[in-house]
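This report looks at a few residues and one helix of a single chain, and at how their surroundings compare with their exposure. The sequence and the structure come first, and the text then moves from single residues to a pair and to a helix.

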Amino acid sequence: MDFLTSTTHLHITTWAIALILFFIAALSGKKLKAVHMILRLMYILVIVTGLSLFLEWRDKIPESGMNYDMKVLFGILVIGFMEMVLVRKSKGKSVNMFWVLFGIVLLITLYLGLSMGIGVNF
């Protein structure tokens, strides 16, 4: 297995685990501080593996244009909205708007990530 394949698999694994931990923490009725801290570690791993893929593929697929740049931006927004949902929930504030924004940005990010050169052709 070459470096790119392992990096891609690691990136997908880290964001899948991060999403699972996020839903566990967000949908739980109690405050799960340990899960939230592990999730923050997963954010770092998602960013590092995503940055590695971005630097590897940004210039290799010319027809993608700014799609990789947009995917990085939307990926960071997904992490930001995940954190906003959890922090606002722990403070007892309304999170409805952030759930909607999280869902929209997550779908855009998944579409961009999977439809580009190293993803699935839709």
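In this predicted model, leaving aside residues up to four places away in sequence, Thr49 touches Thr7, Leu10, His11 and Thr14. Thr49 itself belongs to helix H2, which covers residues 33–57, and with a relative accessible area of 7% this threonine is buried.

Lys89 offers a second example, placed in helix H3, which covers residues 67–90. With residues up to four places away in sequence again not counted, the contacts of Lys89 are Ala25, Ala26, Ser28, Lys30 and Val95. Leu27 lies 62 residues from Lys89 in sequence, while the two C-alpha atoms are 9.8 Å apart in space. The relative accessibility of Lys89 is 30%, and this lysine therefore counts as partly exposed, since that class holds the values between the limits of 20% for buried and 50% for exposed.

Helices H2 and H3 also take part in a salt bridge, and the count for the model comes to 1. The partners are Arg40 and Glu83, whose closest N and O atoms are 2.5 Å apart. This pair links distant parts of the chain, with Arg40 in helix H2 and Glu83 in helix H3, 43 residues apart. As for exposure, Arg40 is partly exposed at a relative accessible area of 32%, whereas Glu83, at 17% relative accessibility, counts as buried.

The exposure values for the residues discussed so far are set out below.

| Residue | Relative accessibility | Class |
|---|---|---|
| Thr49 | 7% | buried |
| Glu83 | 17% | buried |
| Lys89 | 30% | partly exposed |
| Arg40 | 32% | partly exposed |

The last element considered is helix H4, made up of residues 96–115, which has 20 residues and reaches 29 Å from its first C-alpha to its last, close to the 28 Å expected at 1.5 Å a residue. Which residues of H4 are buried? They are Phe98, Phe102, Val105, Leu106, Thr109 and Leu112. Viewed down the axis of H4, the buried residues fall within an arc of 135°, so they line one face of the helix. A general property of such helices is relevant here: an α-helix has 3.6 residues a turn, so residues three or four places apart point the same way. On the other side of H4, by contrast, Asn96, Val100 and Leu107 are exposed.

Definitions and conventions
Residues are numbered from 1 along each chain as its sequence is written. This is a predicted model: local features need pLDDT of at least 70, side-chain atom pairs count only at pLDDT 80 or more; totals for chains, interfaces and linings use all residues. Side-chain values use heavy atoms; hydrogens and water are left out. Helices (H or I, at least four residues) and strands (E, at least two) are DSSP runs, numbered from the N terminus. Buried means under 20% relative accessible area, exposed over 50%, partly exposed in between (1.4 Å probe, protein chains only). Contact means heavy atoms within 4.5 Å. The expected span of a helix is 1.5 Å times one less than its number of residues. The arc is that of the directions from the helix axis to the C-beta atoms. A salt bridge is a side-chain nitrogen of Lys or Arg within 4 Å of a carboxyl oxygen of Asp or Glu.
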